[in-house]
Amino acid sequence: MNRCQSFLLLLFFTGVVQAADPVSTPVPVKKVATTTELALPDNISVKGVYSGTTDYRIGPQDLLEVSVFLNEDLKREVRVNSVGQISLPLIGIVLAGGKTVEELEQELMLAYGKSLLQNPQINVFIKEFTSQRVTIEGAVVESGIYPVKGKTSLLQAIALAKGINVDLAQLDSILVFRTVNGERMAAKFDLNKIRSGDAADPQIFGDDIIVVGVSSRKWAYRKFLESIPLVNTFILY
């Protein structure tokens with residue numbers, strides 16, 4: 001390393017060389033009381049399944065739990081096939097794809113009513129919602145929108161994006177944005193504590209947005225290293 005490079009490196013570590021924060025200022029959101037918990041999103045029950053009060057439309061590969069009140073023999077877990085169909089006892093093939101939970105429940109009540117059941121009460125839960133997506137951005141290897149299938153934790157979600165970018169990530173600044181009671185809320189998590197078992201690995205739901213924080217210092221150092229060939233060119237000429 002020549003004298004010019006050594007001088008610039010000294011300026012960087014003493015804070016004389018400044019770099020703009022690569023992450024833009026986020027839109028203000030209402031934060032939860034703690035940094036380790038975030039309430040369930042709208043229309044998700046405490047069991048982690050859709051509660052039946054949502055306009056979410058059932059899609060292929062979703063896993064449904066269909067139950068008939070006071071008739072355990074008819075309870076089934078069924079996977080929606082590629083064309084949106086499910087198969088149930090007594091009524092056979094039913095088109096579930098494209099329907100809301102409420103619409104499917106109404107259709108099943110009519111179908112079972114024609115199968116000698118009097119006033120059947122049908123409950124439909126979506127146990128795995130593969131049509132759901134999470135957005136992952138920031139200091140990850142491959143940011144993007146990813147499908148989630150069933151119960152997914154924060155660590156598992158980050159793995160979908162090929163993990164964190166170790167050269168840029170600020171591990172104590174992982175933000176999860178979620179809509180709760182009609183409001184956009186956020187909580188901050190520390191990935192180091194989650195990995196060490198000192199903090200819980202929170203569950204992630206469809207429509208969540210995960211932002212892995214970028215360390216301004218790491219980003220500035222990376223930019224400094226990228227500028228070194230330009231410094232050599234300046235010296236040579």
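This tour proceeds from the whole chain to two selected residues, Ser173 and Leu95.

The model is predicted: local features need pLDDT of at least 70 and side-chain atom pairs count only at pLDDT 80 or more, whereas totals for chains, interfaces and linings use all residues. Residues are numbered from 1 along each chain as its sequence is written, and side-chain values use heavy atoms, with hydrogens and water left out.

**The whole chain**

Begin with a cartoon view of the chain, which contains five helices and 13 strands; these are DSSP runs numbered from the N terminus (helices: H or I, at least four residues; strands: E, at least two). Next, display the surface: about 13,900 Å² is exposed, and carbon and sulfur atoms supply 55% of it (Shrake-Rupley method, 1.4 Å probe; for residues, only the protein chains shown count as cover). Of the 237 residues, 39% are buried (under 20% relative accessible area; exposed is over 50%, partly exposed in between; 1.4 Å probe, protein chains only). Among contacts (heavy atoms within 4.5 Å) between residues at least 6 apart in sequence, 59% join residues at least 24 apart.

**Ser173**

Select residues 169-180 to show strand 10, where Ser173 is found. Ser173 counts as buried because its relative accessible area is 18%. Then add Lys188, Phe189, Val211, Val212 and Gly213, which Ser173 contacts once neighbours within four places in sequence are set aside.

**Leu95**

Move to residues 92-95, strand 5, which includes Leu95. With a relative accessible area of 43%, Leu95 is partly exposed. Excluding residues up to four places away in sequence, Leu95 touches Val83, Gly84, Gln85, Leu104 and Glu107. Finally, draw a C-alpha to C-alpha distance from Leu95 to Val80: the two residues are 15 residues apart in sequence and 8.8 Å apart in space.
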